[in-house]
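Q: Hi! I'm new to this one and would like to go through its salt bridges. Could you show me the structure?

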Amino acid sequence: MNTGPTDDRLAIRELIEHYCNAVNQRDAALWGANWAEDSEWNLPVVPGMESVKGKAAIVTAWVESMKLFPFVNMMAMPGTIRVEGDIAHVRSYTAEVAVMQDGTELRPRGQYDDVVVKQDGRWLFQRRSFQALHGE
């Protein structure tokens, strides 16, 4: 169930949209702009990326991982957004298509459980924790 002010929930939906757009455009600066400085990204499905801490390290890890895929398309849809002041707990579902260097196509489906924070009037990812639901 979604809770909190509609304006905040809309802004958080737009954060998720900006994130996907940056992935699809392969734009590291745009992608990195979605993260708080002291953020954490948990990707237990990727060895070495079980817990990446700090915006700079997160962006570096993303740039390196994107080199493995000449093509990526990511779509996401929020499932729940619960706003409590300047912190929100968000669950979203992802559908991706990725092509590896050898031409292998992946179509994973996943779930992000996030903590987002409002800083200087803008919502940012504080912690993103991914789990694979289906596929590669």
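Q: Is Lys 118 buried, exposed or partly exposed?
A: Lys 118 is partly exposed, at a relative accessible area of 28%. Keep in mind that this is a predicted model.

Q: Thanks! Which residue does Lys 118 form a salt bridge with?
A: That would be Asp 8, and the closest N and O atoms of the two are 2.9 Å apart. Lys 118 sits in strand β6 (residues 109-119) and Asp 8 in helix α1 (residues 6-25), so the salt bridge ties together parts that are 110 residues apart in sequence.

Q: And Asp 8, buried or exposed?
A: Asp 8 is buried, with a relative accessible area of 11%.

Q: How many salt bridges turn up in the whole structure?
A: A search finds six.

Q: Let's try another one. What does Asp 113 pair with?
A: Its side chain meets that of Arg 91 in a salt bridge, at 2.6 Å from N to O. Asp 113 belongs to strand β6 and Arg 91 to strand β4 (residues 87-99), so parts 22 residues apart in sequence are tied together.

Q: How accessible are those two?
A: Asp 113 is partly exposed at 26% relative accessibility, and Arg 91 is partly exposed as well, at 32%.

Q: Where does Arg 128 come in?
A: The side chain of Arg 128 forms a salt bridge with that of Asp 114, 2.9 Å from N to O. This pair links strand β7 (residues 122-134), home of Arg 128, to Asp 114 in strand β6, 14 residues apart.

Q: Buried or exposed, that pair?
A: Arg 128 is buried, with a relative accessible area of 1%, and Asp 114 is buried at 4%.

Note on methods:
Residues numbered from 1 in each chain as written. Predicted model: local features only at pLDDT ≥ 70, side-chain atom pairs only at ≥ 80, totals over all residues. Heavy atoms only, no water. Salt bridge = Lys/Arg side-chain N within 4 Å of Asp/Glu carboxyl O. Helix = DSSP H or I, 4+ residues; strand = E, 2+ residues; numbered from the N terminus. Buried < 20%, exposed > 50% of the residue type's maximum accessible area, 1.4 Å probe, protein only.
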